[in-house]
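Thank you all for making time this morning. I would like to walk slowly through one structure with you, so please take a look at it before I begin.

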Amino acid sequence: MSETLIQVKNLCKLYGLNRSEASAMMRAGSDKNTVYQKTGVTAALWDINLEVRRGEIYVLIGLSGSGKSTLLRCFNRLNRPTSGEVIFEEKALAEMNKQELLEFRRNKISMVFQSFGLMSHRDVLGNVAYGLEVKGISRAEREEKAMKMIEMVGLSGWEHKSCAQLSGGMRQRVGIARALANDAEVLLMDEPFSALDPALRGEMLQLLEQVCSEQNLTLLMVSHNLDDAARIASRTLLIADGRFAYDGSTQDLLDGKDPLAAALLGR
């Protein structure tokens, strides 16, 4: 089995009508603000190349508007690249038909959204078991699996509570448990802890690191907080204005060994 799980090759994402002119300007080295002013096209991502290894924790950081969330959504094709490709286990997502893409999203990759994305009409157990229900798994089997995930994230005793009764940290735990219940190989998280206070944020990062280790998960997480990367990341990708700026050791980034990256981070 290959160590490389995901490959991103020459990936670009442009929003707007005059993409040909915008692409030519980006290839010539123009920045995204100049391109937007001249063409009205937003170059959200430009020529991103990376590889994600099986079982690693990979944190995508950058300032607001840098393109990190746009990139994350390309991994499950919620965003369709303008050009370039995303390859999962040597199969390009663009080559998957509708059914293959559905199965990929159901069985291979799960996403935890910043806004939790929980269903208010379901209790904790119903939310965690939802993905298994969609797969057609029997009620007894899906609830048994969901209860294991609820226990794993420390919510035993809350399974029949309404999500409205939960704190922000507890709702985030429900989102993580729901993603884990599907036995996905990859977990995508888009700034999952940005609304939490520092103490709870640290607790959730510790839980996430533990769960990834126990479940042998590959994690891709967006954050604007370098401290998140310092705590759990195997590697860190820094994106600035839609372009690749740094990909490597989190510790080297913290130590300022890449002058450009350090300057972008104001370190």
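**Salt bridges, helices and a few single residues**

Let me begin with a network of salt bridges that links Glu 3, Arg 53, Glu 56, Arg 235 and Asp 247. By a salt bridge I mean a side-chain nitrogen of Lys or Arg that lies within 4 Å of a carboxyl oxygen of Asp or Glu. The general idea is that side chains of opposite charge can pair when their charged atoms come close.

Before going further, I should say that this is a predicted model, in which local features need pLDDT of at least 70 and side-chain atom pairs count only at pLDDT 80 or more, while totals for chains, interfaces and linings use all residues. Residues are numbered from 1 along each chain as its sequence is written, and side-chain values use heavy atoms, with hydrogens and water left out.

In total the structure holds 16 salt bridges, and I will pick out a few of them. Within the network I began with, the side chains of Glu 56 and Arg 53 meet at 3.6 Å, taken from N to O. Is Glu 56 buried or exposed? Glu 56 is buried, with a relative accessible area of 5%, whereas its partner Arg 53 is partly exposed, at 32%. For these words the cut-offs are as follows: buried means under 20% relative accessible area, exposed means over 50%, and partly exposed is in between, with a 1.4 Å probe and protein chains only.

A salt bridge elsewhere in the model joins Glu 89 to Lys 108, with the closest N and O atoms 3.6 Å apart. Glu 89 sits in the loop between strand E4 (83-88) and strand E5 (91-92), and Lys 108 in the loop between helix H4 (98-107) and strand E6 (109-112), so the pair ties together parts that are 19 residues apart in sequence. The helices (H or I, at least four residues) and strands (E, at least two) that I name are DSSP runs, numbered from the N terminus. Both ends of this bridge are partly exposed, Glu 89 at 31% relative accessibility and Lys 108 at 28%.

Glu 89 deserves a second look, since its phi is near 50°, which is a positive value in a residue other than glycine. As background, most residues other than glycine have a negative phi. Asn 10, which lies in strand E1 (residues 4-15), also has a positive phi, near 50°, and at 43% relative accessibility Asn 10 counts as partly exposed.

Now let us turn to the helices, by way of one more salt bridge. The side chains of Glu 203 and Arg 173 meet at 2.4 Å, N to O. Why does this pair tie together parts that are 30 residues apart in sequence? It does so because Glu 203 lies in helix H9 (residues 198-215) and Arg 173 in helix H8 (residues 168-181). Arg 173 is buried, with a relative accessible area of 11%, while Glu 203 is partly exposed, at 38%.

Two packed helices are described by the angle between their axes and the distance between the axes. Here the axes are lines fitted to C-alpha atoms, for helices over the stretch in contact, and the angles run from 0 to 180 degrees between N-to-C directions. H8 and H9 pack at an angle of about 15°, with their axes 11 Å apart, and they are therefore roughly parallel to each other. On the H8 side the contact includes Arg 173, Ile 176 and Leu 180, and on the H9 side it includes Glu 203, Met 204 and Leu 207, where contact means heavy atoms within 4.5 Å.

H8 also packs against helix H7 (residues 139-152), at an angle of about 135° and with the axes 9 Å apart. That makes H7 oblique to H8, given that angles under 35 degrees count as roughly parallel, over 145 as roughly antiparallel, 65 to 115 as roughly perpendicular and the rest as oblique. In this second packing, Lys 145, Met 149, Ile 150 and Met 152 in H7 meet Ala 177, Leu 180 and Ala 181 in H8.

I will finish with Gly 40, which is found in the loop between helix H2 (32-39) and strand E2 (42-53). Gly 40 is partly exposed, with a relative accessible area of 40%. Once its neighbours within four places in sequence are left aside, Gly 40 is in contact with Tyr 15 and Val 35.
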